[in-house]
Amino acid sequence: MTASRSLGQFYPVASPLHGLDARAKILATGMLAVGLFLVDSVAGFLLISAVVVLLVAASRVPPGTFLGFLRPVAFIVALTVLFQVLFSREGETLFDWGLLEVHEGGLAGGLFLALRILLLVSTAGLLTATTAPVALTDGIEDLLSPLKRLRFPAHELAMMTTIALRFIPTLHEEAQKITRAQAARGVDFSQGGPIRRARAMLPVLVPLTVGAFRRADELAEAMESRGYRGGEGRSRYRAPRFRARDAIALAAAALVVVGGVLV
Amino acid sequence: MRIELEDVRHVYAPGTPFEVEALRGVSLAVEADGVLGIVGGTGSGKSTLAQHLNLLLAPTSGRVLVDGADARMLKGGELRRRVGLVFQHPEAALFAPTVEEDVAFAPSRLGLGEEETRRRVRETLELLGASHLAGRAPHALSGGEKRRVAIAGVLAMAPEVLVLDEPTAGLDPATGEDLLGIVRALRDGGTSIVVISHDLDEVAEVADRVCILEGGEVRAAGTPEEVFYAHPEASLAPATVRTASILRDPYPEVGKPVRFEETLAALNGLLEGRG
Amino acid sequence: MSDRNDQGARHGGPPVVSCENLAYAYPGSERAALAGVSFELRAGEYVGVVGPNGGGKSTLLRLLNGLLRSDSGGVRVGGLDPATEPYLVRKRVGMLFQNPDNGLVAPFVEDDVAFGLENLGVEREEMRERVGAAIRAVGLEGYERREPHTLSGGEKQRVALAGLLALDPEVLLLDEPTSMLDAEGRAETLARLEELRGARTVLHVTHHLDELLSADRVLVLNAGELVADVPPERLVTDADLLEENRLALPTILRLAAGLGLSSAKPRTPEELAAAALRRVKQGVEAR
């Protein structure tokens, strides 16, 4: 029985961030994400990092939970940084061990990249942790709805996201159950190098995927039986309201991004 | 092989806000033969208990003993082979292209050689009445067939003890009956079996010994007769015992039947004798 | 062989559901899932459907709400053909599925209960009322913002039931709604169904025969054919019927049958013991 939070799962608490309109938050997150990739100076990074830390504090989501979001990415980040550090030839040479050269540019580039990724994941995590899943997908659908005129499947995308969010914890539990069952049949998930461990995942991934397809079939039947036939003519249970504070949040996000890039 | 749990406690996520004490000092023994029925509902700790029998989970405190010695002395993985654990809805873990290959999965990792592995697979499929399914794809089978294949997959390791967690869950009653028949046959063949179930009637039909688990603690343990007749209330005794124990008061000749057939015989005896 | 088709005309009026020679075979399958089934349901009838696995029970339900389209034969539900007008049929027909997990679409309970109403385009104010009423009706007040994976099987089925009730269907199709639940979940779900059934027409597919003791009729489907249409009492008394169709009585009813006490229709050990005591007293008095 696990009560752990899956990656970016909604954390139900009352906070200023939780109270904001989903559409404003999605746009603000988007802006911050763009800003993260345009920022290039130390001062700019410090500004955006400070803002993200402030937002995490304001969200009333425990820092421990937040670090939990970052753990899965830690490995990738470390790998990427290592590559940057070892293979970049920019700037002054700091160390030289024959074939291995570490340059100033590589170190700085690696650190910046790491920071970018971590901040990006944190920002996305903030969004999903402070926004109820249905509100989130309604928000996505609303923001994309102008594109419906161009035949863009905004409703379908939102519905897919709702279903995906709904089933993440369920599939997570299913994966754990299957893993235990295979462990009981002698699979050792902790031994061997990365290739061996990857192969050990096959007896988990295959039934999990097959099971997921079966779920999809059953879910489709249930949805159709309940009268679902796409987005046409559907009403909305939730009533989003765009208020002054949402506009302020958006403006603030824009300012931070512009400030970070210009500094 | 005798497995003993000595005052086993298990706490999930200790020190966090999600801390849960699933087992609160459980002591019980799994004998070398016969069927041990562990009765427990949701929240009783039965799945946690099951995973201690093959040390998939280790106790937070207390010991698991195998033939008198601490189980931690055994090489990693040995206990998992000697104690076959079949989880609830085990068919969710079927993954190979054919039944034969899936059942071969566990034994093939035991270093037995191809011929011996194939022999094991054949024999196990036969024991489970699933030989005719050998070349079929697992996902195309019926629920009952899949369940048998999944159990075969664990039994093919030739464990000394087979632990079945809710073996008939989700199966229609007739298919469930068939499966219990197989459990009895396996027991008669010498395998020690542990059946974990919330269904008292089911446990009554197959168990030689019974243990009632509630809230992470052992509420009662002993022979079915001892355990069920000590507490003939709704939540702790099967329908047969509850009926017979009401009739015992005025008519003690009813005795203490537990299984269906013996209860039917006892009650018929009462009606014919007195009625 | 005794008569197995005593269709009692207990309910009057035109049939709400009628099937005539309904046949269907799954694509790629050699054997027909349904091989010509005919019957009628009248308004307010509570009809059970039993039979061995693969007998066609689930297929039948799916033909009734348009999830499947028959190969031949006719179906009419509320005067409509589910194959050509499934959307309209589904406004009147609600289906409860076997797997409680895979019927829940939304990340929160109240959003899931609202799903069907959203599909119909119901106005927000009215939706809130109906969702609230449905959640109260199944006893899940306080669960509005719970996430599905934190619920027990019985609770999940109640959420699904609330979702159906919010649509107020005339006909309920129940596809083994309790077979994946533990004893507690079963009891919960059945109690709510009993309570909330009202005047609806119900078709209840199940393997647990004791769930059908208060049904008006029971249909027995075997290998795609309707082999019997009988009052529920026959399930308890006709041993051949049970055996030919792989039907199993729960322990108390089996004991009763073996003791010749079936007529008492005991549901609990207490009732069975009472019936046995009565028989003993009769025997004593007869001497």
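Start by selecting chain B and colouring its strands: six of them form an open sheet in the order 6-7-8-3-9-10, with mixed pairing. Bear in mind as you go that this is a predicted model.

**Stop 1: the edges and the middle of the chain B sheet**

Pick out strand 6 (83–86) and strand 10 (217–222) of chain B. Each has a single partner strand, so these two stand at the edges, with one side of each left without a neighbour in the sheet. Looking across the sheet, you will find a twist that averages 15° from one strand to the next.

Now select residues 161–165 and 192–197 of chain B, which are strand 7 and strand 8. The two run parallel and are joined by 5 bridges. For one pair to label, choose B:Asp165 and B:Ile196: the latter, in strand 8 of chain B, is the bridge partner of the former. As background for this view, strands of a sheet pair through backbone hydrogen bonds, either parallel or antiparallel.

**Stop 2: two loop residues with positive phi**

Stay in chain B and centre on B:His89, in the loop between strand 6 and helix 3 (99–108). Its phi is near 50°, a positive value in a residue other than glycine. How buried or exposed is B:His89? B:His89 counts as partly exposed because it has 19 C-beta neighbours inside 10 Å; a residue needs 20 or more to be buried.

Next, jump to B:Asp67, found in the loop between strand 4 (61–66) and strand 5 (69–70) of chain B. B:Asp67 is not a glycine either, yet has a positive phi of about 50°. Here the count is 10 C-beta neighbours inside 10 Å, so B:Asp67 counts as exposed.

**Stop 3: chain B as a whole**

Zoom out until all of chain B is in view. The chain has 10 helices and 10 strands, and its C-alpha atoms fill a box of roughly 65 × 50 × 35 Å along the principal axes. What radius of gyration does chain B have? The value is 20 Å, which agrees with the figure near 19 Å for a compact globule of 275 residues.

Colour by burial and 47% of the 275 residues in chain B come up as buried. A contact map adds another view: among contacts between residues at least 6 apart in sequence, 64% join residues at least 24 apart.

**Stop 4: where helix 10 of chain B meets helix 10 of chain C**

Select residues 260–274 of chain B together with residues 269–286 of chain C; each stretch is helix 10 of its chain. The axes come within 8 Å and cross at roughly 20°. That angle makes helix 10 of chain B roughly parallel to helix 10 of chain C, because angles under 35 degrees count as roughly parallel.

Show the side chains next:

- From helix 10 of chain B, the contact uses B:Leu267, B:Leu270, B:Leu271 and B:Arg274.
- From helix 10 of chain C, the contact uses C:Ala276, C:Arg279, C:Val280, C:Gly283 and C:Val284.

Coloured by class, this contact has 6 nonpolar, 1 polar and 2 charged residues.

**Stop 5: a sheet in chain C and the helix on it**

Move to the other end of the chain C numbering, where 3 strands form an open sheet in the order 2-1-4, with antiparallel pairing. Strand 2 (34–42) and strand 4 (72–77) of chain C have a single partner strand each, so they stand at the edges and one side of each lacks a neighbour in the sheet. Neighbouring strands are turned by 10° against each other on average, direction ignored.

Highlight strand 1 (residues 15–24) of chain C, which pairs with strand 4 in the antiparallel sense over 5 bridges. Within this pairing, C:Val17 stands opposite C:Val77 in strand 4 of chain C. Then add helix 1 (residues 57–64) of chain C: this helix packs on the sheet and touches strand 1, strand 2 and strand 4. The direction of helix 1 makes about 120° with that of strand 1 of chain C.

**Stop 6: chain C against chain A**

Bring chain A into view. The contact takes 32 residues from chain C and 29 residues from chain A. On the chain C side, helix 2 (86–92), helix 3 (109–119) and helix 4 (124–137) each supply at least two residues. Which helix of chain C gives the most? Helix 3 does, with 6 residues. By class, the side of chain C that touches chain A has 14 nonpolar, 9 polar and 9 charged residues.

**Last stop: A:Leu27**

Finish in helix 1 (residues 22–38) of chain A, where A:Leu27 has its place. With 18 C-beta neighbours inside 10 Å, A:Leu27 counts as partly exposed. Draw a distance from its C-alpha atom to that of A:Phe75, 48 residues apart along the chain, and you get 29 Å.

Notes. Residues numbered from 1 in each chain as written. Chains lettered and ligands numbered in written order. Predicted model: local features only at pLDDT ≥ 70, side-chain atom pairs only at ≥ 80, totals over all residues. Helix = DSSP H or I, 4+ residues; strand = E, 2+ residues; numbered from the N terminus. Rg over C-alpha atoms; globule rule 2.2 N^0.38 Å. Buried ≥ 20, exposed ≤ 12 C-beta atoms within 10 Å, placed from the backbone. Contact = placed C-beta atoms within 7 Å. Axes fitted to C-alpha atoms, helices over the stretch in contact; angles between N-to-C directions. Parallel < 35°, antiparallel > 145°, perpendicular 65-115°, else oblique. Nonpolar A, V, L, I, M, F, W, Y, C, P; charged D, E, K, R; others polar. Pairing = 2+ DSSP bridges.
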